[in-house]
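Please follow the structure shown here from one central strand outward, through the sheet, the domains and the contact between chains.

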Amino acid sequence: MPNRDRIKAFLTLLPSMILIGVFVYGFIGNTFWLSLTDWGGVAALAENPVRNYAGLTNYKELFTGFLGGGFRQDLVNAVYYSVMLLAGAIGTGLIIAILLDNKPRGEAVFRTIFLYPMSLSFIVTGTIWRWLLAPQGGVNILPTYAGLKPLEFKWLSSTGAIFEFNWQNLLLIGLYIVAAVLIVAGLMAIKQDPPRALKRFLLPGIAIGLATWLFGDLLPKALFMEETHGFNLATIGIIMATIWQYSGYTMALYLAGFTGISQDLRDASMLDGATTAQYYRYIALPMLKPITISAVIILSHISLKMFDLIFAMTGPDNAETGHPALNMYLTTFRANDFAKGAAIAIILFLIAATFIIPYLISSYRQRSTR
Amino acid sequence: MKKTIVAMLVAMAAMLLLVVGPAQSKGHLSGQLEIFSWWAGDEGPALQALIDLYEKAHPNVEVVNATVTGGSGVNAKAVLKTRMLGGEPPDSFQVHAGQELIGTWVKADRMEDLTFLFKEQGWMEAFPEGLVELIGTDAGIWSVPVNIHRSNVIWYVPANLDKWGIKAPESWDDFFAVAPKIKEAGVVPLALAQNWTANHLWESVALASLGPDNWDALWTGKLAFDSPEGVKAWELFGKVLEFTNDDASSLSWQQATDMVVDGRAAFNVMGDWAAGYMSTTKKLAPGSGFGWAAAPGTGGEFMFLADSFGLPKGAPNRDNVVAWLALLGSKEGSDAFNPLKGSISARTDSDLSVYNDYAKSASADFGKDRIVGSLAHGVTANEGFMNDFASVMEMFLKSRNAEAAGKAAQQIAMKNGIGK
């Protein structure tokens, strides 16, 4: 009686569906509604605060308003931060995993050592690294032990920035990025299916790129004044601390994957004359694609909601190392600007969704084809 | 068996009634009193002294000491907001006196007017007039100040100044006259720390540049931040910043004070909790080990900040709170609390013999100086402005553009209902 089974299954799932519906999706909906109001300012904390519908004012203010500059810098920081963290943590984790996969002596000890930072809370990591990166101590005085001059770099308070761009040109840059992504995708697909790659990716990519290059000046400016944002060098310290904490985790993920690959496969490839490097490049890594994907998903959403580490390392009000999550907390609970805080939360949520939803769709598809 | 238990319970209940009953009829208080504050660390003993006094006077009240740690109440304020929004206010909570309280809680109609208590206790005369004005509005007085701290103080080590052959500057021009010389000797003329200490320095510099009348006008909206006077204050601040350390934003205020103590810096502008830090933690004697003066150009002016407690509407044990507030404002209460906290009493008649040398000098100034409110510590502007001002400051620290900073400050003043 499949029907009765279905009812039973539904009834078993119902409580968690209701709870998740209310406490996750209900509150996301509520936050979204709040972000469309003007709840904030004077009397925001009254017993029955006045909340008027204000449309997308808060979003507009954040992206194009005079006072939204801090948020925009935070957003740029978050993007650079995510990219660097992904590259750093996955790269380092992978290298350590490959080294350990070749069973050096004391492998178990090393594994524990590398995984250990994972068990610390971000507040502890942040405090340790704040001390290590202090301007006149820690890392900066390391060279003096070798008789060299101490380093002068201000890990957490440098005001320098690289890769700067003008926020006014946001649309322009966005279009260039779209064009670049399309062209790269097209080049990658061209071997397998030339006509499709040409039609789907290469030609539109080149067209968009050309059009932007020729007519980019006609695009509306995203902001009424010049405002440059870039990758602040002060975030390097925070990125280092996060990589230190998470590379052990990606190492564990990869190591588990490597040990899951049958030894026969490795032996066979070696018999066919593959070097160790070739084995990892052409056999092991492609087999571990699901692991890479889940590492990317996990790390990217961690980097998007990073709060405690930054708070411990540089505190609030440090524009150089700001992050939207920190900004959201301060806007909401310090400035009492609840509507704007909700808007920042929704923006973060949407960015996280762009990472996670494609992953969910693809894994759903895989399951249904199986 | 059961019966005996029931009988015992009944007897105990009756006894309780007998004990409590007469106590109430004598006008004593009972029940609970929940005090919400961020005084957990070094300030814990000072708060405990007050609680001990309260418990002695009202032995039937159970005092619940709810603290949430974190300097300046960063965490406590967020917890308090969630509790208030959730309809579960504590009986009384700590808050910086002035607009930080008024802008957030009074405007939201969450506080009771305490004018009746001020009149009943004779505090209108006991507190300086300027103070009562700054912690109240037209509609009432909203909190009882427990302590007074001074913001515009410049700190130094007298022996070091002698060594370099300089004196504590009386104006910023004096400072600019000696600063290059000190800088050449490899000493930082003025030690600075992370963002909020820049706000702290700004208010002393701006007060010197604007003068007390214009400073007050700034906060009533009569003077704009982007007026010539306002921009001049930013320009002076920019000039002062040239003589500060460039690793400021990774230092805590204690580390900036340490720079002065170790002789790596000549001066530091900080509130007078620095006196407590230097005398208690660094074991320096006030006067000889470390010296102080009003921040340059602000002699005769006392920029104050105060911690205070108020009476939220709907407090579960209102009578207990009123008794608590009466204790806070009393001479006995404030003289028990302040020597331990390292602050001075808000009353002009406190018993100076129990205070240290720094506090004695600060008390004397508090009695005679012109009193103005601090921005960085919540007296003159609401929380919205303070939060936005921190980003304006970050912008200025990066761009050093006085004109733009003045404009931005005016914008956030308009947005937060200060400017007109």
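In this predicted model, a good place to begin is strand β12 of chain B, which is mostly covered, since five of its five residues are buried. The side chains of β12(B) alternate in direction: Glu301(B), Met303(B) and Leu305(B) point one way, while Phe302(B) and Phe304(B) point the other way, and all of these residues are buried.

The surroundings of β12(B) begin with an open sheet of three strands in chain B, whose order is β7-β12-β14 and whose pairing is mixed. Because β7 (149-150) and β14 (370-373) of chain B stand at the edges and have a single partner strand each, one side of each is left without a neighbour in the sheet. The mixed character of the sheet can be followed pair by pair. On one side, β12(B), which covers residues 301-305, and β14(B) pair in the parallel sense over four bridges, and within this pairing Ile371(B) in β14(B) is the bridge partner of Phe302(B). On the other side, β7(B) and β12(B) run antiparallel and are joined by two bridges, with Arg150(B) standing opposite Phe304(B) in β12(B).

The domain assignment can be read against this sheet. Chain B is divided into domain 1, made of 33-149 + 305-373, and domain 2, made of 151-304 + 381-415. The C-alpha centres of domain 1 of chain B and domain 2 of chain B lie 27 Å apart, and the contact between them takes 20 residues from domain 1 of chain B and 23 residues from domain 2 of chain B. On the side of domain 1 of chain B that touches domain 2 of chain B, at least two residues each are supplied by α4 (99-106), α16 (357-368) and β14 of chain B, and the largest share, five residues, comes from α16(B). Sorted by class, this side of domain 1 of chain B has eight nonpolar, seven polar and five charged residues.

Two local environments in chain B add detail to this picture. The first concerns Tyr156(B), whose place is in strand β8 (residues 153-156) of chain B. Why does Tyr156(B) count as buried? Tyr156(B) has 21 other C-beta atoms within 10 Å, and a residue is buried if 20 or more other C-beta atoms lie within that distance of its own. Leaving aside residues up to four places away in sequence, Tyr156(B) touches Leu161(B), Ala168(B), Val260(B), Ala266(B), Phe267(B) and Gly291(B). Tyr156(B) and Lys167(B), which are eleven residues apart in sequence, are 9.7 Å apart in space, C-alpha to C-alpha.

The second environment is that of helix α15 of chain B, which spans residues 331-341 and in which Gly333(B), Ser334(B), Phe337(B), Asn338(B), Pro339(B) and Lys341(B) are buried. These buried residues of α15(B) pack against two other helices of chain B, α2 (44-57) and α14 (318-329). Just after α15(B), the backbone at Gly342(B) takes a positive phi of about 85°.

From the inside of chain B, the description can move to its contact with chain A, which takes 30 residues from chain B and 26 residues from chain A. At least two residues each of the side of chain B that touches chain A are supplied by α3 (74-85), α4, α10 (195-220), α17 (383-399) and α18 (402-415) of chain B. Among these, α17(B) gives the most, with nine residues. By class, the side of chain B that touches chain A has nine nonpolar, twelve polar and nine charged residues.

Finally, chain B can be considered as a whole. The secondary structure of chain B comes to 18 helices and 14 strands, and 51% of its 420 residues count as buried. Of the contacts in chain B with a separation of 6 or more, 78% are accounted for by residues 24 or more positions apart. Taken along the principal axes, the C-alpha atoms of chain B fill a box of roughly 90 × 45 × 40 Å. The radius of gyration of chain B is 24 Å, which agrees with the value near 22 Å that a compact globule with 420 residues would have.

How values were computed:
Residues numbered from 1 in each chain as written. Chains lettered and ligands numbered in written order. Predicted model: local features only at pLDDT ≥ 70, side-chain atom pairs only at ≥ 80, totals over all residues. Buried ≥ 20, exposed ≤ 12 C-beta atoms within 10 Å, placed from the backbone. Contact = placed C-beta atoms within 7 Å. Pairing = 2+ DSSP bridges. Domains from an automatic or database assignment. Nonpolar A, V, L, I, M, F, W, Y, C, P; charged D, E, K, R; others polar. Rg over C-alpha atoms; globule rule 2.2 N^0.38 Å.
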